[in-house]
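Biologist: Please take a close look at one part of this protein for me. I would like the loop between the last two helices, set in its wider context.

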Amino acid sequence: MMSIQVGKPHVLGRAAGIAPAFALGGCTQAPVIPLFGAYFPGWLLCALVGVVAAVLIRFLCILCGLDAILSFRLFTYLAAGTVIALLLWSVVFGP
């Protein structure tokens, strides 16, 4: 049977104390966009553009009659909004 000695720091305790520092290390690198005097994170703007684009794509599909033949409407529009948001992210904030 293994026992932990009292008074010596345990390896797991050290790792638990250091792990949050590694997890939060990249948080200061997020791009921000000034809008109306406030700073918004770039991912939030891209997400909002993706949601608006998905709604517009759905509206256009309804007008064209494509909405009636789609099997998985929710997933189709969700994927379209996600693709547009990620394309916007890579064009605006990409390398």
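Modeller: Here is the loop, with the rest of the fold around it. Keep in mind that this is a predicted model.

Start with the overall layout. The protein has 3 helices and 2 strands. Along the sequence they run α-β-β-α-α. Of the 95 residues, 13% are buried. The accessible surface is about 7,900 Å², and carbon and sulfur atoms account for 76% of that area. Take the contacts between residues at least 6 apart in sequence: 40% of them link residues at least 24 apart.

Now the loop itself. Helix H2 covers 42–64, helix H3 covers 73–93, and Asp67 sits in the loop between them. Is Asp67 buried or exposed? Asp67 counts as buried, because its relative accessibility is 12% and the cut-off for buried is under 20%.

What does Asp67 touch, beyond its neighbours within four places in sequence? The contacts are Arg58, Cys61, Ile62, Arg73 and Tyr77. Set these against the helix limits. Helix H2 spans 42–64, and Arg58, Cys61 and Ile62 are among the partners. Helix H3 spans 73–93, and Arg73 and Tyr77 are also on the list.

One of these partners deserves its own look. Arg73 and Asp67 join their side chains in a salt bridge, at 3.4 Å from N to O. The salt bridge count for the model is 1. The two ends differ in cover. Asp67 is buried at 12% relative accessible area. Arg73, at 37% relative accessibility, is partly exposed. That label follows because 37% falls between the limits of 20% and 50%.

The same loop also holds Phe72. Phe72 has a relative accessible area of 57% and is therefore exposed, the cut-off being over 50%. So Asp67 is buried, whereas Phe72 is exposed, and both lie in the loop between H2 and H3. Phe72 belongs to a nonpolar surface patch with Leu74, Phe75 and Leu78. Together these residues offer about 500 Å² of accessible area.

Last, the stretch ahead of H2. Strand S1 (residues 32–35) pairs with strand S2 (residues 38–41) in the antiparallel sense, over 4 bridges. Val32 faces Pro41 of S2 across the pair. The two strands make a hairpin with 2 residues between them. Phe36 lies in that turn and has a positive phi of about 55°.

Notes. Residues numbered from 1 in each chain as written. Predicted model: local features only at pLDDT ≥ 70, side-chain atom pairs only at ≥ 80, totals over all residues. Heavy atoms only, no water. Buried < 20%, exposed > 50% of the residue type's maximum accessible area, 1.4 Å probe, protein only. Contact = heavy atoms within 4.5 Å. Areas by Shrake-Rupley, 256 points an atom, 1.4 Å probe, with all protein chains shown as cover. Pairing = 2+ DSSP bridges. Salt bridge = Lys/Arg side-chain N within 4 Å of Asp/Glu carboxyl O. Patch = residues over 30% accessible without salt bridge, like charges linked within 9 Å, V, L, I, M, F, W, Y side chains within 5 Å.
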